[in-house]
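Hi,

Here is the structure I promised to pass on. Have a look at it first, and my notes follow underneath.

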2 protein chains.
Amino acid sequence: MDPVDRPLRVDAARNRELLITAAEEEFSAKGSEVSVVDITRRAGVAKGTFFRHFATKDDLIAAIVGRHVGALIDVAENLREATDPGEGLLDFLTVAAAQRQQYDVSFLLRAGDDDERVVEVRNRLYEAIGVLVDRARATGAVRDDIGATDVILLMCAPNHVVEYLSSPPPDLWKRYLAIIFDGLRPEGAHPLPGREPVAVQ
Amino acid sequence: MDPVDRPLRVDAARNRELLITAAEEEFSAKGSEVSVVDITRRAGVAKGTFFRHFATKDDLIAAIVGRHVGALIDVAENLREATDPGEGLLDFLTVAAAQRQQYDVSFLLRAGDDDERVVEVRNRLYEAIGVLVDRARATGAVRDDIGATDVILLMCAPNHVVEYLSSPPPDLWKRYLAIIFDGLRPEGAHPLPGREPVAVQ
DNA sequence: GGACAAGGTGACCGCACAGTCAACTTATCG
DNA sequence: CGATAAGTTGACTGTGCGGTCACCTTGTCC
């Protein structure tokens, strides 16, 4: 339908990148309470420019999520071949938490978000995590009564819990990832109530 | 200073209670994104009535936090005498999570909240938790490299993680409390990176 | 270099929000 | 009762938001 996939003019490409970067920085600094003018002010462009590149604010969010979750999917897929699957899963969770420490877009993954692009990339990520969890469980690196959904739900917790501090040390999340991962190990595990929830979304 | 502490007129007392209850229900249903008109509509009173009882929206929030956190402080103080301190700590975390399942006001406890009434009641809660953690650690029920601040930070995680599902089973938090508490036990604990953060706020 | 489409701009719109207030209603008390 | 202070009401204000658009600027291509 589109006549040609004509490339962006150089100034347009630069402004688009400025907007995405500015948005990441704003979301990182202020959480989810960021307005379009906040973003354009940091990017140094006018409001109209924002809406030339992104039809709605949610479009920009989908672009950011695509970028970050795409990177995470790559990490997860590379770790499929890890010789020690338990280490592979822990490595993935570490990379994921470190990424969120810089640009936390995890609130964009919460259920109830109806944007189809976000849902699609989220599902691809969750499939990739499922592979890592299954391998880790098969080798006894994690307890056998947990599944991929459990890991997905717990994945963001190390980053979230440190937000109760007003200025947490930048790598405090490592401490809570270690505690939670110890809870996933088979040694000294107490039986879990209920059953694994069926799926995310 | 006040001339007399004259009691509220009966209709005023009833409306005040209606507003607090309606606010709890709204916060419980929609999270933190609740407007004053949402609350007054559910309470069945006009907007002006809200602002006669609470000077600002934050005043109402402080009243709700006071009520809920006060109840939690009572629970923590009663569990000081528990014969098994490990069970006592787990009982406290269970009651706290169950309470949040109904009315989650944990977002009101996040750092950066400047309301002094909220800060004061929060600190009293954290002191009470500190006693429970110290006793549990002294008897070897929890690993010796964690402290009260760690438990405080992890306390809300079981409720938060289930919010990534669109309609989680109502007691799914029990599963993640069990996993996290297993991570706090001494059996099979791997050494933690970093050190315990100094304090909340 | 000139023509023109692509891109940039900021005043503007409609809306939802927290908070105000003058006019009205009612519980309380002698 | 009747008087009056206490409480209620909803239209109103000001602010900030996401999004629009007519006009202006500039990169691109011959």
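The lining of the largest pocket is a mix: 17 nonpolar, 18 polar and 12 charged residues. (Ala, Val, Leu, Ile, Met, Phe, Trp, Tyr, Cys and Pro count as nonpolar, Asp, Glu, Lys and Arg as charged, and the others, Gly among them, as polar.) This is a predicted model, where local features need pLDDT of at least 70 and side-chain atom pairs count only at pLDDT 80 or more, while totals for chains, interfaces and linings use all residues. Residues are numbered from 1 along each chain as its sequence is written, chains are lettered from A and ligands numbered from 1 in the order in which they are written, and side-chain values use heavy atoms, with hydrogens and water left out.

Back to that largest pocket: its volume is about 1,900 Å³. Of the 47 residues lining it, the closest to its centre are A:Arg110, B:Ser32, B:Phe107, B:Arg110 and B:Glu163. Helices H1 (10-30), H5 (85-102) and H8 (157-161) of chain A, along with H1 (10-30), H5 (85-102) and H8 (157-161) of chain B, each supply at least two lining residues. For the terms: a pocket is an open set of points on a 1 Å grid over the protein atoms alone, where a 1.4 Å probe fits, with protein on both sides within 12 Å along at least five of seven lines, and lining residues have an atom within 4 Å of a point. Grid points are joined across faces, edges and corners, and the volume is the space filled by probe spheres set on the points. Helices are DSSP runs (H or I, at least four residues), numbered from the N terminus.

The second largest pocket holds about 180 Å³ of space. Its lining includes A:His190, A:Pro191 and A:Pro193 from chain A, and B:Trp173 and B:Phe181 from chain B. H5 and helix H9 (173-184) of chain B are the elements that give two or more residues to this lining, and H9(B) gives the most, with six. By class, there are seven nonpolar, two polar and three charged residues.

Now the DNA. Strand C is surrounded by 23 residues (near means a heavy atom within 4 Å), and the closest are A:Arg9, A:Asn15, B:Val36, B:Lys47 and B:Lys57. Of the strand C atoms within 4 Å of the protein, 60% belong to sugar or phosphate and the rest to bases. Some polar contacts (pairs of N or O atoms within 3.5 Å) are worth a look. An N or O atom in the side chain of A:Asn15 is 2.4 Å from a phosphate oxygen of strand C, and a polar side-chain atom of A:His53 is 3.3 Å from a phosphate oxygen. A:Gly48 instead uses a backbone N or O atom, 3.3 Å from a base oxygen of strand C. H3(A) supplies the largest share of the surface near this strand, four residues.

What about DNA strand D, and which residues are closest to it? Here 23 residues surround the strand, the closest being A:Lys47, A:Lys57, B:Arg9, B:Asn15 and B:Arg52. Sugar or phosphate accounts for 64% of the strand D atoms within 4 Å of the protein, and bases for the rest. Phosphate oxygens of strand D lie 2.2 Å from a polar side-chain atom of B:Asn15, 2.9 Å from one of B:Thr49 and 3.3 Å from one of B:His53. H3(B) gives the most to the surface near strand D, with four residues.

Cheers

Note on methods
Polar contact = N/O pair within 3.5 Å; in protein donor to acceptor, adjacent residues only side chain to side chain.
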